[in-house]
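Ready for a few exercises on reading a protein model? Take a look at the sequence and the structure first, then work through each task before peeking at the solution.

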Amino acid sequence: MVQIANPIYDVVFKYLMNDEKLARLLLSAIIGEEVVSLKLRPTEHQFPVGKALMVMRMDFSARIRYANGEEQLVILELQKAKLATDIMRFRRYLGEQYRNKNNVVQEPAEEYAQRKALPILSIYFLGHKLDHITAPVIRINRSYTDAATGEVLQEREIFIESLTHDSIIIQIPYLTGHRRNELEQLLSLFDQSFINEDRHLLNIEESEVPKRYRALLRRLQQAVAEPEVREIMDAEDDLIEEFEDYQRMIAEKERELFEKEQRLSQKDQELSHKDQELSHKDQELSQKDQALSQKDQELQKKHEQLRRVAVTLTKAGQSPKEVAAILGIELEELNDLLS
């Protein structure tokens, strides 16, 4: 059992990859093809906070030799993320790679040199789990297919290669218990189930690491003895803790805002219900007013009819008392009617 620095930390991962020979060894195993040469390219966006890197991104110019002996120069974009929220950064960085005018080579031609965009291969080390897929290592390989026949086309076109790319995703949380092939055995160096009381360190059984990859293990052992590496790991811990506190604060504020919106929505519903009730009552009052108005009109009409009858009876010589008796009203009512 040996102790190694935990490569999930950006500073340790960078320490490992700064050894060009070991970086080629690791990347060859991940890609599944021989990385013949590797050159670290300037990375424009690493967002340093003190000496700790919040985002680990390393870009390489790599020459890959395939099993058939052919070689190809590609851009290797290597990114490592601890948090699921880093996906938008990945998209932004990938867009930068496509826009970068330096990601081209000049190819000789009969009339003049042609500019050819270098293929891009993205490798992502994720410290979190994807939503559905549980495989520790996922390869996303493009294929050309005849849409009519379904035939897989073997030839490659510069146009297509310049606009699409392959990817490899490594889910660190799913490395635990997976040793099905040599690559998964190698990636046991990242298995967080081997963490000891000091989360900066992993306890690794050397015999479980294939012999040809044990130089990587030795490099991670050396990192343990580097005071600056340990210091920056502490800084990374502080940074991540502050970031998580900030995320929790935002989540709490969002929860409070959501609850306020819910309360306001409920009040809006209550007010809407009250408005509907008031509107219903207004309709009822309007209907009553219309009914009263109609009754007033009927009473007015009846009053006018009685007045005409009373006038007619009076002109016919009937006494007021007789007229009141005929109409079935009091004498006072008759006087009011005739006034």
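Before you start: buried means under 20% relative accessible area, exposed means over 50%, and partly exposed is in between. Keep in mind that this is a predicted model.

**Exercise 1. Find N335 and decide whether N335 is buried, exposed or partly exposed.**

Solution.
- Step 1: Locate the residue. N335 sits in helix 9, which covers residues 331-338.
- Step 2: Check its accessibility. N335 has 44% relative accessibility, so it counts as partly exposed.
- Step 3: Look for company. P320 is 15 residues away from N335 in sequence, and their C-alpha atoms are 8.3 Å apart in space.

**Exercise 2. Now do the job for S122: is S122 buried or exposed?**

Solution.
- Step 1: S122 belongs to strand 9, residues 120-126.
- Step 2: With a relative accessibility of 0%, S122 counts as buried.
- Step 3: Compare sequence with space. S122 and L78 are 44 residues apart along the chain, yet 6.0 Å apart from C-alpha to C-alpha.

**Exercise 3. Which residues of helix 6 are buried, and how are they arranged around the helix axis?**

Solution.
- Step 1: Helix 6 runs over residues 214-224, and its buried residues are L216, L217, R219, L220 and A223.
- Step 2: Look down the axis of helix 6. The buried residues fall within an arc of 160 degrees, so they line one face of the helix.
- Step 3: Recall a bit of helix geometry. An α-helix has 3.6 residues a turn, so residues three or four places apart point the same way.

**Exercise 4. Work out where the partners of three salt bridges sit, starting with E184 and R180.**

Solution.
- Step 1: Start with the idea. Side chains of opposite charge can pair when their charged atoms come close. The cut-off here is a Lys or Arg side-chain nitrogen within 4 Å of an Asp or Glu carboxyl oxygen, and the model has 15 salt bridges by this rule.
- Step 2: Take E184 and R180. Their closest N and O atoms are 2.6 Å apart. E184 has a relative accessible area of 4%, so E184 is buried. R180 is exposed, because its value is 61%.
- Step 3: Move to D198 and R230, another salt bridge, with the closest N and O atoms 2.7 Å apart. This pair links distant parts of the chain: D198 is in the loop between helix 5 (182-186) and strand 14 (201-204), while R230 is in helix 7, 32 residues apart. D198 is partly exposed at 25% relative accessibility, and R230 is partly exposed with a relative accessible area of 25%.
- Step 4: Try E304 and R308, whose closest N and O atoms are 3.8 Å apart. These two are four residues apart in helix 7, so about one helical turn separates them. E304 is partly exposed at 27%, and R308 is partly exposed at 46%.
- Step 5: Finish with a group. E34, R63, R65 and E71 are joined into one network by salt bridges that share partners.

**Exercise 5. Which residues make the nonpolar surface patch, and which gather in the patch of negative charge?**

Solution.
- Step 1: F159, I160 and L163 make a nonpolar surface patch of about 320 Å².
- Step 2: Zoom in on I160. This residue is in helix 4, residues 158-163, and is partly exposed, with a relative accessible area of 31%.
- Step 3: Switch to charge. E231, D234, D238 and E242 gather in a negative patch on the surface. E231 lies in helix 7, residues 227-315.

Notes
Residues numbered from 1 in each chain as written. Predicted model: local features only at pLDDT ≥ 70, side-chain atom pairs only at ≥ 80, totals over all residues. Heavy atoms only, no water. Patch = residues over 30% accessible without salt bridge, like charges linked within 9 Å, V, L, I, M, F, W, Y side chains within 5 Å. Areas by Shrake-Rupley, 256 points an atom, 1.4 Å probe, with all protein chains shown as cover. Lys, Arg positive; Asp, Glu negative; His and termini not counted. Charge placed at Lys NZ, Arg CZ, Asp CG, Glu CD. Buried < 20%, exposed > 50% of the residue type's maximum accessible area, 1.4 Å probe, protein only. Arc of directions from axis to C-beta.
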